[in-house]
Amino acid sequence: LLRQAAEHRERTGGSLLRDVLEAERRAGTRVVLETEHFTAYVPAGQQVLNNPYDGSAYGYSLTGLNTVYRSYEANWIGAPTAQQTELHQVTSGVASDPQRVCPLLADEAIQYVLMMPKNNTTYDGGAGVRYNVAWWRGLEITGATPGFSPVLSDASGDTLYRVTACG
């Protein structure tokens with residue numbers, strides 16, 4: 001990285017990391033969370049694992065964020081694959097079962113999980129949506145969940161976690 005930064009400065013006169021950050025902010029398609037002081041974006045080619053019932057399904061349509069679940073299951077966009085279904089049932093246990101979970105995450109190019117607070121509509125079906133807690137148990141991740149490290153949070157509780165259990 002130091003060699004690349006030096007070559008970039010020699011070639012452009014700019015800072016490699018600052019220039020990359022500014023390009024990511026302009027494009028906006030991989031920015032996950034942005035505050036006054038921080039910007040978190042997902043590396044190219046990576047997907048962000050998410051629970052569509054917390055509102056993160058709209059991340060793709062609104063910003064182009066490469067989320068795994070871009071809609072609720074079994075709608076007009078399609079259903080999740082068998083591997084994606086397994087992920088949303090086992091991901092939170094990655095620290096206790098890395099041999100099972102890490103290959104699934106790697107196959108889907110996932111290193112990050114976005115968690116957002118759920119509201120009453122999520123659970124009660126008030127918007128015609130029925131949330132099955134057991135079906136999505138693998139995406140109940142908090143700051144205390146082993147194998148995950150918070151990267152960035154905002155005041156509303158949206159948190160981007162990096163999966164640390166897989167190396």
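What relative accessibility does Glu86 have, and how is this residue classed? In the predicted model examined here, Glu86 has a relative accessibility of 25% and counts as partly exposed. The side chain of Glu86 meets that of Arg100 in a salt bridge, with an N to O distance of 2.9 Å. This pair joins distant parts of the chain, since Arg100 belongs to helix 5 and Glu86 to helix 4, with their positions 14 residues apart. Arg100, with a relative accessible area of 40%, is likewise partly exposed.

The overall organisation is considered next. The protein contains six helices and six strands, and these follow one another along the sequence in the pattern α-α-β-β-β-α-α-α-β-α-β-β. Of the 167 residues in the protein, 38% are buried. Among contacts with a separation of 6 or more, 53% are formed by residues 24 or more positions apart. The exposed surface of the protein amounts to about 9300 Å², of which carbon and sulfur atoms supply 53%.

Four strands form an open sheet in the order 3-4-6-5, and the pairing within this sheet is mixed. Its edges are strand 3, covering residues 47-50, and strand 5, covering residues 148-153, each of which pairs on one side only. From one strand to the next, the twist averages 35°. In general, the strands of a sheet pair through backbone hydrogen bonds, in either a parallel or an antiparallel arrangement. For strand 3 and strand 4 the sense is parallel, and four bridges connect the two. Within this pairing, Gln47 stands opposite Ile110 of strand 4, while Val48 has Tyr112 of strand 4 as its bridge partner. Strand 3 is covered on both faces: Gln47 and Leu49 are buried on one side, and Val48 and Asn50 are buried on the other.

Strand 4, at residues 110-115, also takes part in the packing of helix 4. The buried residues of this helix, which spans residues 82-90, are Gln84, Thr85, Leu87, His88 and Val90. They pack against strand 4 and against helix 5, the latter comprising residues 98-107. Helix 4 and helix 5 are thus related by packing as well as by the salt bridge between Glu86 and Arg100.

Between helix 5 and strand 4, the connecting loop contains Glu108. This residue is buried yet takes part in no salt bridge; Arg70, the nearest side chain of opposite charge, is 9.3 Å away. The absence follows from the distance criterion, because a salt bridge requires a nitrogen of Lys or Arg within 4 Å of a carboxyl oxygen of Asp or Glu. Beyond residues up to four places away in sequence, Glu108 touches Gln47, Thr81, Gln83, Gln84 and Leu87. Among these contacts, Gln84 and Leu87 are buried residues of helix 4, and Gln47 is a buried residue of strand 3.

Gln47 and Val48 are also touched by Asn66, together with Thr29 and Gln46, when residues up to four places away in sequence are not counted. Asn66 is located in the loop between helix 3, at residues 58-63, and helix 4. With a relative accessible area of 24%, Asn66 is partly exposed. The C-alpha atoms of Asn66 and Thr29 are 7.9 Å apart in space, although these residues are separated by 37 residues in sequence.

Two salt bridges are counted in the model. Besides the pair of Arg100 and Glu86, the side chains of Arg3 and Glu7 meet at 3.1 Å, N to O. Both Arg3 and Glu7 lie in helix 1, which covers residues 2-12, and they are four residues apart, about one turn of the helix. An α-helix has 3.6 residues a turn, so residues three or four places apart point the same way. Arg3 is exposed, with a relative accessible area of 56%, whereas Glu7, at 37%, is partly exposed.

A further acidic residue, Glu24, is placed in helix 2, which comprises residues 16-27. Its relative accessible area is 9%, so Glu24 is buried. Apart from residues up to four places away in sequence, Glu24 touches Arg30, Val31 and Tyr41.

Methods
Residues are numbered from 1 along each chain as its sequence is written. This is a predicted model: local features need pLDDT of at least 70, side-chain atom pairs count only at pLDDT 80 or more; totals for chains, interfaces and linings use all residues. Side-chain values use heavy atoms; hydrogens and water are left out. Buried means under 20% relative accessible area, exposed over 50%, partly exposed in between (1.4 Å probe, protein chains only). Contact means heavy atoms within 4.5 Å. Two strands pair if DSSP finds at least two bridges between them. Axes are lines fitted to C-alpha atoms, for helices over the stretch in contact, and angles run from 0 to 180 degrees between N-to-C directions. Lys and Arg count as positive and Asp and Glu as negative; His and the chain ends are not counted. Accessible areas come from the Shrake-Rupley method with a 1.4 Å probe; for residues, only the protein chains shown count as cover.
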